[in-house]
Amino acid sequence: MTINHLLTLAKELGRRPTEKEIGQLMQEITKGHKKLNARSKENKILASSMAVQRNKDEANKHRRQDVIQGTPRVRMINKMLKYKLTQYQIADVLELQLSTIQKDILKHRLPRKQVVPIPTKSDRRQI
């Protein structure tokens, strides 16, 4: 048997309940609910881990280099981002999956000021 909490609240108050009162009632009902409490705990953990990551990024900002070494694909993505192309447009031009483009952007934290080519073995011998 299901209970219509709105009707019981309306009978208690003797009038139609406001949104605030309905919200308070819903909070009281969900307090003892195990699954909902577990979900809220997961959300708190997720939110805190995202905040921690943001703080790490902010703290390490001074260490981030403007110039990095990258593959030809990463260099091309960086150039395209400088021309204000969207990730969808870049994926279409390079004929790659969107997820591949997104992974490269996140991995190398693009756009950067400059992405230089990775030296090949022949380049290393000359040095």
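Start with the crossing of helix 1 and helix 2, which is right-handed in this predicted model. To see it, select residues 5–13 for helix 1 and residues 19–31 for helix 2. Their axes come within 11 Å and cross at roughly 120°, so the two helices are oblique to each other.

Now show the side chains where these two helices touch. On helix 1, pick His5, Leu6, Leu9 and Leu13; on helix 2, pick Glu21, Ile22, Leu25 and Ile29. Colour them by class and you'll get six nonpolar residues, one polar and one charged. If you're wondering about the spacing of such residues, an α-helix has 3.6 residues a turn, so residues three or four places apart point the same way.

Stay on helix 2 for a moment and click methionine 26. Is it buried or exposed? Methionine 26 has a relative accessible area of 51%, so it counts as exposed. Try a distance label too: the C-alpha atoms of methionine 26 and leucine 6 are 9.8 Å apart, although their positions lie 20 residues apart along the chain.

Next stop: helix 6, residues 98–108. Which of its residues are buried? Select Ile101, Asp104, Ile105 and His108. Turn the view until you look down the axis of helix 6: the buried residues fall within an arc of 100°, so they line one face of the helix. What do they pack against? Bring up strand 1 (67–70), helix 4 and helix 5, and you have the partners of that buried side. Then spin around to the face of helix 6 turned away from it, where you'll find the exposed residues Lys103, Leu106 and Lys107.

Keep going past the end of helix 6. Just after it sits arginine 109, with a positive phi of about 50°. Step along to leucine 110 and proline 111, and look at the bond between them: this peptide bond is cis, with omega about 0°. Proline 111 belongs to the loop that runs between helix 6 and strand 2 (114–117).

From here, hop over to asparagine 78 in helix 4. How much of asparagine 78 is accessible? Its relative accessibility is 3%, so asparagine 78 counts as buried. And what does it touch, once neighbours within four places in sequence are left aside? Show Leu110, Pro111, Arg112, Gln114 and Val115: asparagine 78 is in contact with each of these. Two of those names should ring a bell, as Leu110 and Pro111 are the pair joined by the cis peptide bond.

Two backbone spots round off the tour. The loop between helix 4 (72–82) and helix 5 (87–94) holds lysine 84. Check its backbone angles and you'll see a positive phi of about 65°, although lysine 84 is not a glycine. With 74% relative accessibility, lysine 84 counts as exposed.

Now follow helix 5 to the loop between it and helix 6, and select glutamate 95. Here, too, is a residue that is not a glycine but has a positive phi, this time of about 55°. Buried or exposed? Glutamate 95 has a relative accessibility of 71%, so it counts as exposed.

Definitions and conventions
Residues are numbered from 1 along each chain as its sequence is written. This is a predicted model: local features need pLDDT of at least 70, side-chain atom pairs count only at pLDDT 80 or more; totals for chains, interfaces and linings use all residues. Side-chain values use heavy atoms; hydrogens and water are left out. Axes are lines fitted to C-alpha atoms, for helices over the stretch in contact, and angles run from 0 to 180 degrees between N-to-C directions. Helices (H or I, at least four residues) and strands (E, at least two) are DSSP runs, numbered from the N terminus. Angles under 35 degrees count as roughly parallel, over 145 as roughly antiparallel, 65 to 115 as roughly perpendicular and the rest as oblique. A crossing is left-handed if the near helix is turned anticlockwise from the far one by less than a right angle, and right-handed if clockwise. Contact means heavy atoms within 4.5 Å. Ala, Val, Leu, Ile, Met, Phe, Trp, Tyr, Cys and Pro count as nonpolar, Asp, Glu, Lys and Arg as charged, and the others, Gly among them, as polar. Buried means under 20% relative accessible area, exposed over 50%, partly exposed in between (1.4 Å probe, protein chains only). The arc is that of the directions from the helix axis to the C-beta atoms.
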